[in-house]
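Grab a pencil and get ready to find your way around a new structure. Try each task yourself before you read its solution.

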Amino acid sequence: MNQTYTRQELEALGHEELKKLATELEREGAQIKKVRHYFIEEFWQRLKTRPLKAPELGEGEMAGVRVGNTPVLFAKVEGKIYGFNDRCPHKGFPLHKGTLEGHTLTCAYHGGKFDVRDGRCLKHPYETYPCQSFAVAVSDDGTIECK
Amino acid sequence: MIASEMNYSKEAVAQLADDQLQAEWEKYLAYSYERQRLRSLVQNVLRKKSPQRQVNANDLAEGGLTATKVGENEVLLAKVDGKIYAIDNACGHLAYPLNEGRLDGHVVTCIWHFARFDVRTGAVVSAGIDFENLKPLEVRVFPDNSLGIDEKS
């Protein structure tokens, strides 16, 4: 396990050996994927649970907040606050680790791009899913809330 | 912690300080991408090394998929509305075999990561996707039901 191979080395292997190697690598890949979830879960565990106040979110900024068990992302563009599920619809990576340019939110993991106005997927290397949007309201005391 | 061993437990990840968590994640990412590249390379070589396989027109049911070989390349054959189409069988994402995927109308979906291609043109179907279109091939059916598969002229 964990051995690496050059193309030349792989080409020297027979078809059956290659198939065996491919199976081993898939098994290893499943383990790698499991570890990814440990990290992602941990990123969310560490999100602040303290409610976010409107003045804390600057123009063009994003912030992740945990509301109950849901990681929520707030983004402010042109004075308007948008709310989303912080899980990227592709592999669940925390969107708050991404970047915001204009109305375009880019996931840091695979570069998926979403329009914050409607959650629409603008570009993705593998598949296109929209992002889950939440309606946002600012309460009288300035707290940003999901409706 | 040694990223290359990928033996992090859930508890070990939970014990990392914030900055360590980010640093370990970045190590994890680099490692996972390196292994993904290897898996893809193995799939690429597998597509070339697979045994020769002769397919006749009547081996393929309507709406069915199968793979054949043209020289050293694996080719996907799909039958839609009685017509047989051929494109590269190595998925444009990580080179997994498309013949194990699913066919809906003219669109084949790779079962591994759901990349989609139009079997008529080899073009990627989903919008905004980065990877390359697959090469379409010309298919001729001879009177004895054997197939002639050639580069498109």
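Below are six short exercises, each with a worked solution.

Before you start: this is a predicted model, in which local features need pLDDT of at least 70, side-chain atom pairs count only at pLDDT 80 or more, and totals for chains, interfaces and linings use all residues. Residues are numbered from 1 along each chain as its sequence is written, while chains are lettered from A and ligands numbered from 1 in the order in which they are written.

**Exercise 1. Lay out chain B**

Task: work out which elements chain B has, and in what order they run.

Solution: Start by listing helices (H or I, at least four residues) and strands (E, at least two), which are DSSP runs numbered from the N terminus. For chain B you should end up with two helices and eight strands. Now read from the N terminus: the pattern is α-α-β-β-β-β-β-β-β-β.

Next, look at the overall dimensions. The C-alpha trace of chain B spans about 70 × 30 × 25 Å along its principal axes. Its radius of gyration is 20 Å, where a compact globule of 153 residues would have one near 15 Å. (That radius is taken over C-alpha atoms, and the globule rule is 2.2 Å times the number of residues to the power 0.38.)

**Exercise 2. Split chain B into domains**

Task: find where the domains of chain B begin and end.

Solution: The bounds come from an automatic or database domain assignment. Domain 1 of chain B covers 3-49, and domain 2 covers 57-151. Step two is the spacing: the C-alpha centres of these two domains lie 32 Å apart.

Step three is how they touch. Two residues are in contact if their C-beta atoms, placed from the backbone, lie within 7 Å. By that rule, seven residues of domain 1 of chain B meet eight residues of domain 2 of chain B. On the domain 1 side, there are no nonpolar, four polar and three charged residues. (Nonpolar means Ala, Val, Leu, Ile, Met, Phe, Trp, Tyr, Cys and Pro; charged means Asp, Glu, Lys and Arg; the others, Gly among them, are polar.)

**Exercise 3. Trace the sheets of chain B**

Task: put the strands of each sheet in chain B in order.

Solution: Strands pair if DSSP finds at least two bridges between them. Following the pairs, one open sheet has five strands in the order 1-2-3-7-8, with antiparallel pairing. Its edges are strand 1 (65-70) and strand 8 (147-151) of chain B, each pairing on one side only. Inside this sheet, strand 2 (residues 73-80) and strand 3 of chain B are antiparallel over six bridges. To check your register, find B:Val80, which stands opposite B:Lys83 in strand 3 of chain B.

The other open sheet has three strands, ordered 4-5-6 and paired antiparallel. Strand 4 and strand 6 (116-118) of chain B are its edges. Strand 5 (residues 107-109) of chain B is joined to strand 6 of chain B by three bridges, and B:Val107 has B:Asp118 as its bridge partner there.

**Exercise 4. Place one leucine**

Task: is B:Leu94 buried or exposed, and why?

Solution: First locate B:Leu94, which sits in the loop between strand 3 (83-88) and strand 4 (102-104) of chain B. Then count: B:Leu94 is buried because 20 other C-beta atoms lie within 10 Å. (Buried takes 20 or more other C-beta atoms within 10 Å of a residue's own, exposed 12 or fewer, partly exposed in between, with C-beta atoms placed from the backbone.) Finally, look beyond four places in sequence: the contacts of B:Leu94 include B:Gln36, B:Arg39 and B:Trp112.

**Exercise 5. Follow two hairpins in chain A**

Task: what links strand 2 of chain A to strand 1 of chain A?

Solution: Strand 1 (residues 62-67) and strand 2 of chain A are antiparallel and joined by six bridges. They form a hairpin with two residues between them, and A:Gly68 in the turn has a positive phi of about 60°. Across the pair, A:Arg66 faces A:Pro71.

Carry on to strand 3 (residues 80-85) of chain A, which pairs with strand 2 of chain A in the antiparallel sense over six bridges. This hairpin has two residues between its strands, with A:Glu78 in the turn at a positive phi of about 50°. Here A:Leu73 has A:Phe84 as its bridge partner. As for strand 2 (residues 70-77) of chain A, six of its eight residues are buried.

**Exercise 6. Bring the chains together**

Task: how many residues does each chain give to the contact?

Solution: Chain A gives 29 residues and chain B gives 33. On the chain A side, helix 2 of chain A supplies the largest share, 15 residues. By class, that side has 13 nonpolar, seven polar and nine charged residues.
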